[in-house]
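These are my notes from going through one model, strand pairs first, then the sheet, the helices and the rings.

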Amino acid sequence: MTETRRQDKSGVSRRVVLAGGGAAAVAAGFGLGRVAPASATTPEPVEETTADVVVVGAGVSGLTAARRLVQAGRSVLVLEADDRVGGRTLNLGVGKGVVTEGGGQWVGPGQDRLFALLDELGLKTFKTYVDGASLLHRKGVRQEFTGSVPALPANALEDFGRLAANLEKMAATVPVDAPWNAKDAVAWDATTFGHWLDANAATEEAKWLFTLAFTVIHGEDPHNTSLLLALFHIAGAGGIEHMISTTGGAQESRVVGGTQRISLEMAEQLGKRVVMGSPVREIRRREGDVLVRSARADVRCKQVIVAMSPADAERISFTPRLPARRASLQRKWHNGTESKLFAVYEKPFWRAKGLNGSAMTDLPFARFVVDNSPPDGSVGILLTFMGTAGTGPGHTWSDKVLDDPRERRAAFLADMVTLFGPEAAHPVRFLEQDWAHEPWIEGCVSTAPPGLLTQYTDAVRKPVGRIHWAGTETATAYQGYIEGAVRAGERAAKEVGAVL
């Protein structure tokens, strides 16, 4: 065993203990590119390191927290389990230098902290394509419409408006910093959003439209999502109209070059403070500090920020054990099963037909479709979302579709032909990002089942001694959005800065 000590520009003191890797292991170092997994025959270097703060997770929230702490003059080390940064944002190459977003992608008015961060990083946005008509395909009938709500029968539109007004009225009573304190919190958290729709919708069409919209938003069937959580999200994300709209709403814009660029730019500026391919195995709180043990670095620090969803944080061993509320929260929290699929064409041919590429359907596979083409329209990209079930109770896809990429491709393209014509049958490329099988992320969108908010209240973000929590799930506004991740990272950094 050999030992050396070095200090880099980050201000982090490192003592490298090499368990047989020799000079080759030293040369491997830490960087921002992809890293090879640990090998049984070539042990990875294990660093014993000190820093003021360890951030666990190099997604938008964790890197934002690290960025703010470094700006405040603190020494920081970011430990990331995966071989890339970005967390639940991921750019997928489609050819011709074009990327599409495999994870979170949209930004909109009101997301002020995210826009401020984009400005800092010199990143630009472009408007989501909306010129032309959207499509509604339901019960074999294909219709064109404009606006965020399709041309349903008059009684269904009236019912949709009534349901939306009632939900907004209920959401107005939910305090975003403590939704469990709402007057009717216990009753609302005892049921699901889907069951509320079943009991209150007067028309099948209005219920179907709400189910479709919130399945996409939550990455989960509303019958599995707490009504209180849905109301909390409505209250904290600008209301239903804002949540479902493109122009003037949460889907108004996208980031030039893809949203993963946010994390890539932050990580590039943080440099060697970011250590990838190093899953954290244990966080041990001690009398005067915290020991964070990971695959490539053991770090002694003063404070820790865990920037992961509660479900993902369950992989870490905590010593001493976490308080019962926090431990139970992590076990009961789950992430949605939504994945994204993309058909790539030589050009966005639907635009010449007066269509904007957006569709809401009851077709067998593609229930919600959007145009995900680059701003110059150099290629055409149609995107749809898929979970492990269809939209609403009693709807599901076959195991063949769920488990066989060829079956998924065929099912997706069949629906695209129904919507956009025979040209849709011949993409130049087909891509998918399957979040259900990511090695370090339990699904792209977090949700909460009934009972979780009122039983575990503030455990999602209440510090445990020297351990603080970030991630979009801890945000009080725009929870589940990239904006929520930025706000959570900045809030955690302030918490840590106040006690250092």
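How many bridges join strand β5 to strand β6, and do they run parallel or antiparallel? I looked this up in the model, which is predicted. I find 4 bridges between β5 (residues 91-95) and β6 (residues 98-101), and the two strands run antiparallel. For one register point I took leucine 92, whose bridge partner in β6 is threonine 100. The two strands make a hairpin with 2 residues between them. In that turn I noted lysine 96, which has a positive phi of about 60°.

Next entry: the hairpin of β9 and β10. I count 5 bridges here, and the pairing is antiparallel. Leucine 136 has glutamine 143 of β10 as its bridge partner. This hairpin has 2 residues between the strands. Lysine 139 takes a positive phi near 55° in it.

I then asked which sheet β9 and β10 belong to. They sit in an open sheet of 7 strands, in the order β10-β9-β19-β20-β21-β18-β22. I wrote the pairing down as mixed. The edges are β10 (141-145) and β22 (429-433); each has a single partner strand, so one side of each is left without a neighbour in the sheet. From one strand to the next, I have the twist at 20° on average.

Within this sheet I checked β20 (residues 368-371) against β21 (residues 380-386). They run antiparallel and are joined by 3 bridges. Valine 369 is paired with threonine 384 of β21 as its bridge partner.

Which helices lie on these strands? I found α7 (residues 204-218) lying across β9 (133-138), β19 (355-361), β20 and β21. Its direction is at about 115° to β19. I also found α14 (residues 405-420) packed on the sheet, where it touches β9, β10, β18 (339-345), β19, β20, β21 and β22. The direction of α14 makes about 60° with that of β18.

Helix against helix: I looked at α4 (residues 154-171) and α8 (residues 227-236). They pack at an angle of about 85°, and their axes are 8 Å apart. Angles of 65 to 115 degrees count as roughly perpendicular, so I entered α4 and α8 as roughly perpendicular to each other. On the α4 side the contact uses Leu167, Glu168, Met170 and Ala171. On the α8 side it uses Leu227, Leu231, Ile234 and Ala235. By class I get 7 nonpolar residues, no polar ones and 1 charged.

Last entry: rings. My search of the whole structure gave 12 aromatic pairs. Ring pairs link Phe160, Phe193, Phe210 and Phe214 into a cluster.

I also noted arginines placed over tryptophan rings. Arginine 138 lies over the face of tryptophan 208, 4.7 Å from the ring centre. Arginine 326 lies over the face of tryptophan 469, and here I have 3.5 Å from the ring centre.

Methods
Residues are numbered from 1 along each chain as its sequence is written. This is a predicted model: local features need pLDDT of at least 70, side-chain atom pairs count only at pLDDT 80 or more; totals for chains, interfaces and linings use all residues. Side-chain values use heavy atoms; hydrogens and water are left out. Axes are lines fitted to C-alpha atoms, for helices over the stretch in contact, and angles run from 0 to 180 degrees between N-to-C directions. Angles under 35 degrees count as roughly parallel, over 145 as roughly antiparallel, 65 to 115 as roughly perpendicular and the rest as oblique. Contact means heavy atoms within 4.5 Å. Ala, Val, Leu, Ile, Met, Phe, Trp, Tyr, Cys and Pro count as nonpolar, Asp, Glu, Lys and Arg as charged, and the others, Gly among them, as polar. Rings of Phe, Tyr and Trp (its six-membered ring) pair if their centres lie within 6.5 Å; planes under 30 degrees apart count as stacked, over 60 as edge-to-face and the rest as tilted. A charge sits over a ring if NZ of Lys or CZ of Arg is within 6 Å of the ring centre and within 35 degrees of the ring normal. Two strands pair if DSSP finds at least two bridges between them.
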